[in-house]
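Dear colleague,

Please find below the structure that I am handing over to you, together with its sequence. A summary of what was found in it follows.

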Amino acid sequence: MKVTSDMSSSGRRVIGVGIIGAGARGVNCIGRQIAEPFDDTGLRVAALCDRNRERVDAAARLLHNLVPNRGATPPPKTYLDASQLIAAPEVDLVVITTPSYLHREGVTPALRGGETVQMRDIPGHAL
Ligand SMILES: NC(=O)c1ccc[n+]([C@@H]2O[C@H](COP(=O)([O-])OP(=O)(O)OC[C@H]3O[C@@H](n4cnc5c(N)ncnc54)[C@H](O)[C@@H]3O)[C@@H](O)[C@H]2O)c1
């Protein structure tokens, strides 16, 4: 895992998570689980990607509002293209929450880019 982020105000190293797929799984499940305990974990949703612009912008606002002491934490950056999120400097770890049959197109470039990838589902189709 590459770690490019700063320390949090509590002295924890901040690890930036990029979520590809701002649907129910990516936002209401995984995104919330990362955003709400930021003070305890140092994990933050640093970036979100979805093909749908309105959805990804709304998700970024929602998740940022859940972060404790959010004034000191930047809102997640938003992307429409997974390759841009994977290459983004604020992203240390990629979580893929697109439908299973689309995992391959997100996972392969992320692994090639040296990212740590987490898939919260059985990997869809041959990788
Ligand atoms: N929703 C749940 O509670 C739940 C629970 C367990 C597992 N899952 C699994 O999680 C996966 C996603 O489920 P969901 O309910 O969030 O689906 P969803 O349809 O609500 O969200 C998927 C999102 O991925 C986006 N997307 C698709 N291709 C993309 C791409 N190439 N780049 C960027 N964004 C892309 C879509 O625009 C959509 O917003 C599914 O495989 C599902 O089986 C979901």
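How many bridges join strand E1 to E4, and do these strands run parallel or antiparallel? Strand E1, residues 15–20, is joined to E4 by four bridges, and the two run parallel. Please note that this is a predicted model. Within this pairing, Ile19 has Val95 of E4 as its bridge partner.

Strand E4 itself spans residues 93–96 and is covered on both faces. Leu93 and Val95 lie on one side, Val94 and Ile96 on the other, and all of them are buried.

The helices come next. Helix H1 (residues 24–35) packs against helix H3 (residues 53–66) at an angle of about 35°, and their axes are 9 Å apart. The crossing in which H1 passes H3 is right-handed. On the H1 side, the contact is made by Val27, Gly31, Arg32 and Ala35, while H3 contributes Ala59, Leu62, Leu63 and Leu66. By character, the residues of this contact comprise six nonpolar, one polar and one charged.

Helix H1 also takes part in the surroundings of the ligand: four residues of the shell come from H1, which is the largest share. There are 21 residues around the ligand, of which Gly21, Gly23, Ala24, Arg25 and Thr98 come nearest. The shell is mixed in character, with eight nonpolar, seven polar and six charged residues.

Yours sincerely

Conventions
Residues are numbered from 1 along each chain as its sequence is written. This is a predicted model: local features need pLDDT of at least 70, side-chain atom pairs count only at pLDDT 80 or more; totals for chains, interfaces and linings use all residues. Axes are lines fitted to C-alpha atoms, for helices over the stretch in contact, and angles run from 0 to 180 degrees between N-to-C directions. A crossing is left-handed if the near helix is turned anticlockwise from the far one by less than a right angle, and right-handed if clockwise. Two residues are in contact if their C-beta atoms, placed from the backbone, lie within 7 Å. Ala, Val, Leu, Ile, Met, Phe, Trp, Tyr, Cys and Pro count as nonpolar, Asp, Glu, Lys and Arg as charged, and the others, Gly among them, as polar. A residue is near a molecule or strand if its C-beta atom, placed from the backbone, lies within 6 Å of it. A residue is buried if 20 or more other C-beta atoms lie within 10 Å of its own, exposed if 12 or fewer, and partly exposed in between; C-beta atoms are placed from the backbone. Two strands pair if DSSP finds at least two bridges between them.
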